[in-house]
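Trainee: Got a minute to walk through this one with me? I'd like to start with the inside and work outward.

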Amino acid sequence: MVEKIMLWKGREMEVKKLSISWQFLIVLVLILQILSALDFDPYRVLGVSRTASQADIKKAYKKLAREWHPDKNKDPGAEEKFIQISKAYEILSNEEKRSHYEHYGDAGESQGYQKHREYHFRHFYENFYFDESFFHFPFNSEQRDSIDEKYLMHFSHYVNEVVPDSFKKPYLIKITSDWCFSCIHIEPIWKEVVQELEGLGVGIGVVHAGYERRLAHHLGAHSTPSILGIINGKISFFHNAVVRENLRQFVESLLPGNLVEKVTNKNYVRFLSGWQQENKPRVLLFDQMPTIPLLYKLIAFAYKDYLSFGYVYVGLRGAEEMTRQYNVNVYTPTILIFKEHIHKPADVIQARGMKRQVIDDFITQNKYLLAARLTSQKLFHELCPVKRSHRQRKYCVVLLTAEATKLSTPFEAFLSFALANTQDTVRFVHAYSNRQQEFASTLLPDSDTFQGKSAVSILERRNTAGRVVYKTLEDPWTGSESDKFILLGYLNQLRKDPALLSSEAVLPDLTDELAPIFLLRWLYSASDYISVCYAIVFHNWQEIMIILSLIFSALFILFGSAVIQAFSDSNEEQESSPPDKEEAREKTGKTEPSFTKEPSSKIPKKGFVEVTELTDITYTSNLVRLRPGHMNVVLILSNSTKTSLLQKFALEVYSFTGSSCLHFSFLNLDKHREWLEYLLEFAQDAAPIPNQYDKHFMERDYTGYVLALNGHKKYFCLFKPQKAVEEEEAMGPCSDFDSSLHLGECRGKSSSGLGPRPIKGKLSKLSLWMERLLEGSLQRFYIPSWPDLD
């Protein structure tokens, strides 16, 4: 007993020594890795400069990653080198981490980096096994890409193949990109759903946003991962959690809701009898599932133009009558196809776990009725194809009959003949003579003989332009045994002698009888548009509410400002324009129609300047009660200079008429000289005023002067014509008009040296003065109050 205890203690000591040695080894490796991490330089690892762009960094990373990938490079240090390359790209591809590294020498994730090292060492300890779940990212890009490689989609492939094919089957498309960690998380679910839905007939596509930016932008995918569906050329985005059931429901929601009709004992006769109106065979699926299988809905969508589909839940009470009548095994899924005879199916398939390919082959063989009606040119091309070679002859036996609510005797006889003489080279069809009149008249040589009666023609199409060779039975078709015998003889003779079809004609295009009318097409388009809008609003209601709130806020502000502006304008018009003075204003204020207009108008007509005469009527509204911030630019003129100065004034100030705070007027010097002289007394330095008792007082010429009047702040700015300024500078001391002597001397000097001043040069620099006026750099002359104009 003692020996056993000592032996156990010895083994325990050996285990402790071994564990201590392993712990020492672990610590030693961690120290070495930490020291190597201190020397880690991502720029050196990727071989790029510190000023490298993101494109250069990504290019260098891809090149090194392909070279040092452990699956391709068998070098013992390839694994460690690949980890360094990945870490370097992770730091430099993120601007925040890159900036942190350049300032502090690390990426700001020392804790995460240490965990990464411990994680790597754990696999180092386990026989150097490299797990691809490092950082939860599959670095084996070849294996990861191989999952989606066969589904990769390009723009031309999408436009030329996927969009047209979406009218036969829905497509489920995933938008992915490099370094998309969320794409990795959904990859197992995506793979499982793809395997299931592709077997059901759903189209699968994968778009790489990095390489197919044009296609991703066209699809409206602005983030990865994104999943969307396409049906009938329309795009719908998936917004729920990425789980198998949600994706199945999403694909099912893309399909129209009226593809498959639920059939019971109460409506199965009506459903099967609809072949005559719709010109389609009827397909019934018997199954034990209470809901319609997705596979059956996808098949119904693919063949919606050729067949009508119904579903019978055999577990429903009352379904026993149908199952008993058609001898259906309720324990196995069964598909029946009915054509013209509703009491007996034309074909049956029954199997557990039906595959999509089996069902497609079964339905393709029964796409048409035994004697389908020619309702469109497209159907005519399919039922009666053009002859391509001698061995591929296709003959069409056409019954031309009148439309009837019930099956007529000639049609039933023709139908029974077609059922008994089914051949690969012969197709039996019929057409309503009253609906396809041009088509029928071309095949009937003598319309009087066949008036109101049925006729049978055998034809062979020679080209797509409508050229055919044909032979019409000489007598009307009554469905008698003799008629059948004659028709059978012609068909047997055609096998030996194709020259039997001796007549030749060019058939017109058939009228599309089943095309929806304009109102129905408009309703269908409106319903599709409403459904799309509803989906957009339902899935993006938060963003839409924000946009709507901004729009309504802007409308409220605009509406409020318009109301305030309207009330303020109406008040000012009432104050400035009394009703009893409207006629006087029209007489006194509009002496020049080219330049004069009502002062209330604010938007000038193109090529015109609104200039109002300053009179006792317009004086108050255009000056005394002028709104704050508004100015009235007044031109001084006389009766003799009125026309020429107004034209020049309009040309100079026209470029400033866009400003709503400027108003333009003119003052007649012959009428209101005294008011002007009083105003100019406050601008003595700028415009010397003569002595009012001087005998030459009335000879002072102020025409061409311009005053900018601020009615609210009671100041004005003065513009003097350039010629007047030159005269005053030339006169020197003569510019003082206090004595008659000086005035006479100056008058003599003016008459001898300067001569008369031309009118056209007086306003030559007015536009420059206007610019300074708007800048606020002109000298202002203030007055205590505005004087009366009279």
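**From the core outward**

Mentor: Sure. Seven of the nine residues of helix 15 (residues 294-302) are buried, so that helix is largely enclosed by the rest of the structure. Keep in mind that this is a predicted model.

Trainee: OK, which residues of helix 15 are the buried ones?

Mentor: Leu 294, Leu 295, Tyr 296, Leu 298, Ile 299, Ala 300 and Phe 301.

Trainee: And the largest nonpolar core, how many residues does it have?

Mentor: It has 106 residues, and those with the most contacts inside it are Leu 172, Phe 309, Val 397, Phe 428, Phe 439 and Leu 459. Helix 15 gives the most to this core, with seven residues. Apart from it lies another core, of 26 residues, including Val 609, Val 633, Leu 646 and Ala 708.

Trainee: What is Leu 172 in contact with, leaving aside its neighbours within four places in sequence?

Mentor: Quite a list. Among them are Trp 190, Val 193, Leu 197, Ile 227, Leu 228, Phe 250 and Val 251. In general, nonpolar side chains tend to be buried together in soluble globular proteins.

Trainee: Switching to charges. Is Arg 356 buried or exposed?

Mentor: Buried, because its relative accessibility is 14% and the cut-off for buried is under 20%. Arg 356 is found in helix 17 (residues 356-364).

Trainee: So what does the side chain of Arg 356 reach at 2.6 Å?

Mentor: The backbone oxygen of Leu 200. The side chain of Arg 356 also meets that of Asp 360 in a salt bridge, 3.0 Å from N to O. Asp 360 is buried too, with a relative accessible area of 14%.

Trainee: How many residues apart are Arg 356 and Asp 360 in helix 17?

Mentor: Four, so they are separated by about one helical turn. As a rule, an α-helix has 3.6 residues a turn, so residues three or four places apart point the same way.

Trainee: Does that tie back to helix 15 somehow? Which residues is Arg 356 in contact with, sequence neighbours within four places aside?

Mentor: Gly 199, Leu 200, Gly 201, Leu 295, Leu 298, Ile 299 and Ala 302. Leu 295, Leu 298 and Ile 299 are among the buried residues of helix 15.

Trainee: Nice. What about Arg 98, buried or exposed?

Mentor: Buried, at 8% relative accessibility. Arg 98 sits in helix 5 (residues 95-104). A polar contact of 2.9 Å joins its side chain to that of Tyr 43, and the side chain of Arg 98 reaches the backbone oxygen of Arg 50 at 3.1 Å.

Trainee: Back to salt bridges: how many are there in the whole structure?

Mentor: A search finds 18. One of them joins Arg 673 and Glu 677, at 3.8 Å from N to O. Both residues lie in helix 27 (residues 673-680), and both are buried.

Trainee: Which residues are linked in a network?

Mentor: Glu 192, Glu 196, Arg 244 and Arg 248, through salt bridges.

Trainee: And the pair Arg 270 and Glu 261, how do their side chains meet?

Mentor: In a salt bridge of 2.4 Å, N to O. Arg 270 is exposed at 53% relative accessible area, whereas Glu 261 is partly exposed at 27%.

Trainee: Last one: which residues form the nonpolar patch on the surface?

Mentor: Met 545, Ile 547, Leu 548, Ile 551, Phe 552, Leu 555 and Leu 558, with about 700 Å² of accessible area together. Ile 551 is in helix 23 (residues 541-576) and is partly exposed, with a relative accessible area of 42%.

Conventions. Residues numbered from 1 in each chain as written. Predicted model: local features only at pLDDT ≥ 70, side-chain atom pairs only at ≥ 80, totals over all residues. Heavy atoms only, no water. Patch = residues over 30% accessible without salt bridge, like charges linked within 9 Å, V, L, I, M, F, W, Y side chains within 5 Å. Areas by Shrake-Rupley, 256 points an atom, 1.4 Å probe, with all protein chains shown as cover. Salt bridge = Lys/Arg side-chain N within 4 Å of Asp/Glu carboxyl O. Helix = DSSP H or I, 4+ residues; strand = E, 2+ residues; numbered from the N terminus. Buried < 20%, exposed > 50% of the residue type's maximum accessible area, 1.4 Å probe, protein only. Polar contact = N/O pair within 3.5 Å; in protein donor to acceptor, adjacent residues only side chain to side chain. Contact = heavy atoms within 4.5 Å. Core = buried A, V, L, I, M, F, W, Y, C linked by side-chain atoms within 4.5 Å.
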